Amino acid sequence: MLKHTKKLTNQNTSIKSFKSIIYKNTKELHKKKTLKDIFDFFKNNVNQTKFDSLYKKTKLFGSDKLGKSGALVGVVKIKGKEYVIKMYKLNEKEKYTFKYETKCIKLYYPFNELIINTIFSNMKTFISPKNYKIYKSKYARYFIPLKTIGLSETHSYMISDKIGMKYNSNYYTNLHDLFIENYIPTLLECINKNDKKTINIFLKKFVAILEEYFECIQFLNKNLGYINSDLKCKNVFIKGNKTKSLDTFITNFTPLISDLDKATIKINNVLILPKEDKYLQKYLAKRTQKLSKVYEIRYSCSRNTRLCDRFKPYQYDIITLFFDIYLLLYRYIFKKIKLSVEDYYDYFKILNNLVKKTLNINDDEFTKFYKRIHNSYLLKVKSGIKLSFHINAMLYNFCKSL
């Protein structure tokens, strides 16, 4: 049991003090002092009573709404208002361990997420005044305002504004929900009716949403070295907005910068990464091979963030999300209907054009992009295999084909 306890003070006090620790200790990097200050903050904010009270009031989301990280996510009501709480059960042996190389710190992934969320909640401290104005005017809407962070002896947690949106009688929390429960069924209906007009109206709106979201990703990568490294549809949380949705497709939403436990960031030229905690992660992070690129980008201090010598670092997350979207379309549409590949992709011409434009690839190269999905051995033998293995193999083969 940790001896030092201190009651978490009112809203944002702990976040503000942690913000100062992160900034100061990355600007004046001294190995022992940096890690001591970070871990002292964690240890001095342990409060079991507060966590137990929050946990009892939390209504957890089902596992179908979550990724594979092991996080517990739910809704908690505080003073009559609903918030989202995300918590991790901490591994006692791992939580205060770290790895350190020159200008690079690797921390236990729940703590890594606390750091990155704290940075994103205090952008004014970590980017220039000029870029902060751009952030406020264009990109602030893509972030989930963080209310507080905290620790118990067994869990870490973050409390933030509520995410998701209610549409008719359903509640959607992420982009995967929208595809499975709204987009896929409606697209199948339209294809069966050969209703390309409705599909095109939807895709124009959807593509516009993604384009603006990708601008935010590029801004973060340029100014903070941000790479999510796990940007699949389940990890893109959403919130509703006031724009009018289409009659058949849900389009009045904003995708969020979210699920940051595996994300990487650079502050004051110091790279902050999650620490690998499994042998396979350690093994693959050190090697450049067919199944290693995801692990290299996520865990290696000496990583090469360029892909195929064609794509810039910020495009890594975008390629990953594109692959996941096309995997869903392949599994739930192409495999269910009797269409040629050419006719099938003709329905998604507007989305295909976004891929070509965003990645700066031509028609022939785009054909190689989607053939990686159709020819994926991993996808065919086991659809439940981790996305990271799909993406690694597809990136490798796609780059090789280019």
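# A walk through a predicted model

Arg-303 sits in the loop between α10 and α11. Helices and strands here are DSSP runs numbered from the N terminus, a helix being H or I over at least four residues and a strand being E over at least two. This is a predicted model, in which local features need pLDDT of at least 70, side-chain atom pairs count only at pLDDT 80 or more, and totals for chains, interfaces and linings use all residues. Residues are numbered from 1 along each chain as its sequence is written, and side-chain values use heavy atoms, with hydrogens and water left out.

Is Arg-303 buried or exposed? With a relative accessibility of 14%, Arg-303 counts as buried. The term buried means under 20% relative accessible area, exposed means over 50%, and partly exposed is in between, using a 1.4 Å probe and protein chains only. Leaving out residues up to four places away in sequence, Arg-303 touches Gly-225, Ile-227, Thr-264, Leu-271, Leu-273, Glu-296 and Ile-297. A contact of this kind means heavy atoms within 4.5 Å.

The loop between α10 (293-299) and α11 (315-332) also holds Cys-308. Most residues other than glycine have a negative phi. Cys-308, which is not a glycine, has a positive phi near 60°. Cys-308 is partly exposed, at 24% relative accessibility. Another positive phi, of about 65°, belongs to Asn-269, again not a glycine. Asn-269 is in the loop between β12 (265-267) and β13 (270-274). With a relative accessible area of 49%, Asn-269 is partly exposed.

After the loop comes α11, which packs with helix α13 (residues 349-359) at an angle of about 160°, their axes 11 Å apart. The axes are lines fitted to C-alpha atoms, for helices over the stretch in contact, and angles run from 0 to 180 degrees between N-to-C directions. The two helices α11 and α13 are therefore roughly antiparallel to each other. On this scale, angles under 35 degrees count as roughly parallel, over 145 as roughly antiparallel, 65 to 115 as roughly perpendicular and the rest as oblique. The crossing of α11 and α13 is left-handed, a term used if the near helix is turned anticlockwise from the far one by less than a right angle, with right-handed used if clockwise.

Which residues of α11 and α13 meet? From α11 come Gln-315, Ile-318, Ile-319, Phe-322, Ile-325, Tyr-326 and Leu-329, and from α13 come Leu-351, Asn-352, Leu-354, Val-355, Thr-358 and Leu-359. By class, this contact of α11 with α13 has ten nonpolar, three polar and no charged residues. Here Ala, Val, Leu, Ile, Met, Phe, Trp, Tyr, Cys and Pro count as nonpolar, Asp, Glu, Lys and Arg as charged, and the others, Gly among them, as polar.

A second helix pair is formed by α6 (residues 129-139) and α8 (residues 196-224), whose axes come within 11 Å and cross at roughly 160°. That angle makes α6 roughly antiparallel to α8. The crossing of α6 and α8 is left-handed. On the α6 side the contact is made by Asn-131, Ile-134, Tyr-135, Lys-138 and Tyr-139, and on the α8 side by Glu-215, Cys-216, Phe-219 and Asn-223. By class, the contact of α6 with α8 has five nonpolar, two polar and two charged residues. One of the residues in helix α6 is Asn-131. Asn-131 is buried, at 19% relative accessible area. Apart from neighbours within four places in sequence, Asn-131 is in contact with Phe-219 and Asn-223.

The next topic is a sheet. Five strands form an open sheet in the order β1-β2-β3-β7-β6, and the pairing is antiparallel. Two strands pair if DSSP finds at least two bridges between them. Why is one side of β1 and of β6 left without a neighbour in the sheet? The strands β1 (58-60) and β6 (146-151) stand at the edges, each with a single partner strand, so one side of each has no neighbour in the sheet. From one strand to the next, the twist averages 25°.

At one edge, β1 pairs with strand β2 (residues 72-78) in the antiparallel sense over three bridges. Thr-58 stands opposite Val-76 in β2. The C-alpha atoms of Val-76 and Arg-303 are separated by 39 Å, and the two residues are 227 apart along the chain.

At the other edge, five bridges join β6 to strand β7 (residues 155-161), and the two run antiparallel. Leu-146 stands opposite Ser-160 in β7. A hairpin of three residues joins β6 to β7. Six of the six residues of β6 are buried, so β6 is largely enclosed by the rest of the structure.
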